[in-house]
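Visitor: Could you take me on a close look at one part of this structure? I'd like to hear how the strands and the packing around them fit together.

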Amino acid sequence: MVDFNQTSGFLDESAFSIKLGGIEIDPTTGDGIEGLLKISGWTVKPTPTNDLIFSYEGTEKLRLPAIGAADIGGAFDQFVFAGSANQTTFSGTDDLGNTLSYDPDKTIVFMNGVLLTPVTDYTATNGTSVVLDPAVTANDIITVQSF
């Protein structure tokens, strides 16, 4: 879990903190974050402007703008699908009644709670469908998160 806390109306080091899994991260240096989220090739690092960069094997895959940055808007959408045997494409209305719609550059996908790798495990490029490779088994839970 990533927690952001801004204690004043202005973004500065004394008014901003980041917690990852309950561990406080210094937003100016990144102290405390190195290796914390290095799971199966994924790493998360802050930038000097307090953005968070999610990278896979050294390649940036997602950048979350710092609180107060333009275009963050607090938007977060989550879509949940229970797969059918051999299903590869997830689109349309999810199991909670929401229609899948996402920004391809700001999306991550999970299967049964495990973060999938873009291109290798799934394709999400058109904003309305996600295609998995390989196919899922019955009742696998696919979660699409868009920021």
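Guide: Let's start with a term: two strands count as paired when DSSP finds at least two bridges between them. In this predicted model, β11 and β12 pair in the antiparallel sense, over two bridges. Across that pairing, Tyr122 sits opposite Leu132 in β12.

Zoom out a little and the pair turns out to belong to an open sheet of three strands, in the order β8-β12-β11, with antiparallel pairing. β8 (89-91) and β11 (122-123) are the edge strands, each with a single partner strand, so one side of each has no neighbour in the sheet.

Stay on β12 for a moment, because Ser129 is worth a stop: this residue is found in that strand, and its relative accessibility of 14% counts as buried, the cut-off being under 20%. Leaving out residues up to four places away in sequence, Ser129 touches Thr89, Phe90, Ser91, Leu100, Tyr102, Thr123 and Ala124.

Now back to Tyr122, which leads us into the packing. The largest nonpolar core has 14 residues, and those touching the most other members are Leu100, Val109, Tyr122, Val130, Leu132, Ile142 and Val144. Two or more residues each come from β7 (77-82), β12 (129-132) and β13 (141-146). There's also a second, separate core of nine residues, with Trp42, Tyr56, Leu62 and Ile108 among them.

Val109 gives a good view of the contacts: setting aside neighbours within four places in sequence, Val109 is in contact with Val114, Leu115, Leu116, Tyr122, Val130, Ile142, Thr143 and Val144.

Follow β13 and you land in another sheet, an open one of four strands ordered β7-β13-β9-β10, with antiparallel pairing. Here β7 and β10 (114-115) take the edges with a single partner strand each, so one side of each is left without a neighbour in the sheet. β7 and β13 pair in the antiparallel sense over six bridges, and Phe81 stands opposite Ile142 in β13.

One last stop, again by way of Tyr122. The second largest pocket holds about 220 Å³ of space. Tyr122 is part of its lining, together with Lys61, Pro104, Asp105, Thr107, Pro118, Val119, Thr123, Ala124 and Thr125. By type, that lining splits into five nonpolar, three polar and two charged residues. To tie it together, Tyr122 faces Leu132 across the strand pairing, is listed among the core members with the most contacts to other members, and also lines this pocket.

Note on methods
Residues numbered from 1 in each chain as written. Predicted model: local features only at pLDDT ≥ 70, side-chain atom pairs only at ≥ 80, totals over all residues. Heavy atoms only, no water. Core = buried A, V, L, I, M, F, W, Y, C linked by side-chain atoms within 4.5 Å. Buried < 20%, exposed > 50% of the residue type's maximum accessible area, 1.4 Å probe, protein only. Contact = heavy atoms within 4.5 Å. 1 Å grid on protein atoms, 1.4 Å probe; cavity = no way out; pocket = protein on both sides within 12 Å on 5 of 7 lines; lining within 4 Å. Points joined across faces, edges and corners; volume = space filled by probe spheres on them. Nonpolar A, V, L, I, M, F, W, Y, C, P; charged D, E, K, R; others polar.
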